[in-house]
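Hello,

Here is the structure I promised to pass on. Please have a look at it first, and then read my notes below.

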Amino acid sequence: MAPANNNHWMLELFNQIKFEQLAQVSGEQDLLAGVFRDKTTAEAHAVVAHLMAKAILVDWKGLEDEDGNEILYSVENATELLRLEGDVRNFVERKSQELFAAGKAAAEDIKKK
């Protein structure tokens with residue numbers, strides 16, 4: 001799993017936004033608003049699931065279906081899981097935020113030294 005706000009995540013957001021909206025972007029919140037401006041709630045959830053699959057939930061091990069068959073990681077499988085399973089999406093969001101916060105804290109500690 002990758003931390004929230006990583007470079008790949010930001011690049012994926014930029015790829016989703018319309019060119020004419022880029023001048024209005026001053027941070028991640030502006031990017032997200034631009035990405036979702038013309039989308040329904042369902043479309044926005046699908047976009048977020050796909051972006052998270054590409055840039056946040058980048059791999060897994062030991063995931064099985066209800067029959068005990070291993071589910072291999074792919075962007076498509078991760079997108080479907082994140083789109084359908086709110087608990088999984090919430091867990092991934094929370095863990096990626098924790099990784100981001102830990103990385104930020106470590107960088108600040110290094111600056112102090």
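What follows is a short tour of what turned up. Please keep in mind that this is a predicted model.

Let's start with helix α3, which covers residues 41–55. With 15 residues at 1.5 Å a residue, α3 should span 21 Å, and its end C-alpha atoms are indeed 21 Å apart, so the two values agree. Its buried residues are A44, V47, V48, A49, L51, M52, A53 and A55.

Some of these turn up again in the largest nonpolar core, which has ten residues: V48, A49, M52, A53, I56, L57, W60, A78, L82 and V92. Both α3 and α4 (75–84) supply at least two residues each, and α3 gives the most, with four. As background, nonpolar side chains in soluble globular proteins tend to be buried together.

W60 deserves a second look. The count of aromatic pairs comes to one, and W60 forms it with Y73 in an edge-to-face arrangement, 5.1 Å centre to centre with 80° between the planes. Both W60 and Y73 sit in the loop between α3 and α4, 13 residues apart. How exposed is each partner? W60 has a relative accessible area of 15%, so it is buried, while Y73, at 22%, counts as partly exposed.

Finally, turn to the surface. M1, F91 and L99 make a nonpolar patch of about 260 Å². L99 belongs to helix α5, residues 86–112, and is partly exposed because its relative accessibility is 39%.

Enjoy exploring!

Best wishes

Definitions and conventions
Residues numbered from 1 in each chain as written. Predicted model: local features only at pLDDT ≥ 70, side-chain atom pairs only at ≥ 80, totals over all residues. Heavy atoms only, no water. Patch = residues over 30% accessible without salt bridge, like charges linked within 9 Å, V, L, I, M, F, W, Y side chains within 5 Å. Areas by Shrake-Rupley, 256 points an atom, 1.4 Å probe, with all protein chains shown as cover. Salt bridge = Lys/Arg side-chain N within 4 Å of Asp/Glu carboxyl O. Buried < 20%, exposed > 50% of the residue type's maximum accessible area, 1.4 Å probe, protein only. Expected span 1.5 Å × (residues − 1). Core = buried A, V, L, I, M, F, W, Y, C linked by side-chain atoms within 4.5 Å. Phe/Tyr/Trp six-rings, centres within 6.5 Å; stacked < 30°, edge-to-face > 60°.
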